[in-house]
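Hi,

Here is the structure I said I would pass on. Have a look at it first, and my notes follow underneath.

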Amino acid sequence: MKVFFRRTELEKYHILTYNSGQIVNILQNPSGERFIEVSRSVDRCSDTFTLAENWILTNHFLQTDLQVELLGNVSILRTDNEDSYQGPLPDDFSL
């Protein structure tokens with residue numbers, strides 16, 4: 001079976017800030033957990049990554065500034081092009 005994402009678990013206390021006018025990418029797994037794009041690797045071999053079956057990637061254009069708190073146990077997903085998504089986001093998180 002091909003591995004699409006590497007997942008690392010750690011305890012984190014991090015506040016991410018995204019400015020209005022940015023595009024924010026959200027990755028959702030089949031069970032509904034959502035992860036926000038945190039960084040794009042400068043060494044990536046491709047601008048796109050392989051999306052695993054039943055995962056969903058959505059792009060959101062921000063009309064206002066956004067802050068996301070990643071507190072406590074956080075999962076870091078590394079895609080096959082080395083981009084980073086973190087979460088899961090709280091159930092009440094909306095854009």
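**A partly exposed glutamate, and the rest**

Let me start with Glu82, which is partly exposed, with a relative accessible area of 29%. It counts as such because buried means under 20% and exposed over 50%. Before going on, do keep in mind that this is a predicted model.

Glu82 sits in the loop between β5 (66-79) and β6. Its backbone is worth a look: phi of Glu82 is near 80°, so a positive value in a residue other than glycine. For background, most residues other than glycine have a negative phi, and most peptide bonds are trans.

Asn54 goes against that habit as well, with a positive phi of about 70° although it is not a glycine. You will find Asn54 in the loop between β3 (34-39) and β4. Is Asn54 buried or exposed? Its relative accessibility is 56%, so Asn54 counts as exposed.

The other backbone oddity is a peptide bond. Gly87 and Pro88 are joined in cis, with omega at about 5°. Pro88 belongs to the segment after β6 (84-87).

Now for the sheet. In what order do the six strands of the open sheet run? The order is β1-β5-β6-β3-β2-β4, and the pairing is antiparallel. At the edges are β1 (5-18) and β4 (56-61), each of which pairs on one side only. On average, neighbouring strands of this sheet are turned by 40° against each other, direction ignored.

At the β4 end, the partner is β2 (residues 23-28), and the two strands pair in the antiparallel sense over six bridges. If you want one pair to click on, take Gln28, whose bridge partner in β4 is Ile56.

At the other edge, have a look at His14, which lies in strand β1. Which residues does His14 touch, leaving aside those up to four places away in sequence? They are Val68, Glu69, Leu70 and Leu71. Even with those contacts, His14 is partly exposed, at a relative accessible area of 30%. As for Arg34, it is 20 residues from His14 along the chain, and the C-alpha atoms of the two are separated by 17 Å.

That is what I have for now. Shout if anything looks odd when you open it.

Cheers

Key:
Residues are numbered from 1 along each chain as its sequence is written. This is a predicted model: local features need pLDDT of at least 70, side-chain atom pairs count only at pLDDT 80 or more; totals for chains, interfaces and linings use all residues. Side-chain values use heavy atoms; hydrogens and water are left out. Two strands pair if DSSP finds at least two bridges between them. Helices (H or I, at least four residues) and strands (E, at least two) are DSSP runs, numbered from the N terminus. Axes are lines fitted to C-alpha atoms, for helices over the stretch in contact, and angles run from 0 to 180 degrees between N-to-C directions. Buried means under 20% relative accessible area, exposed over 50%, partly exposed in between (1.4 Å probe, protein chains only). Contact means heavy atoms within 4.5 Å.
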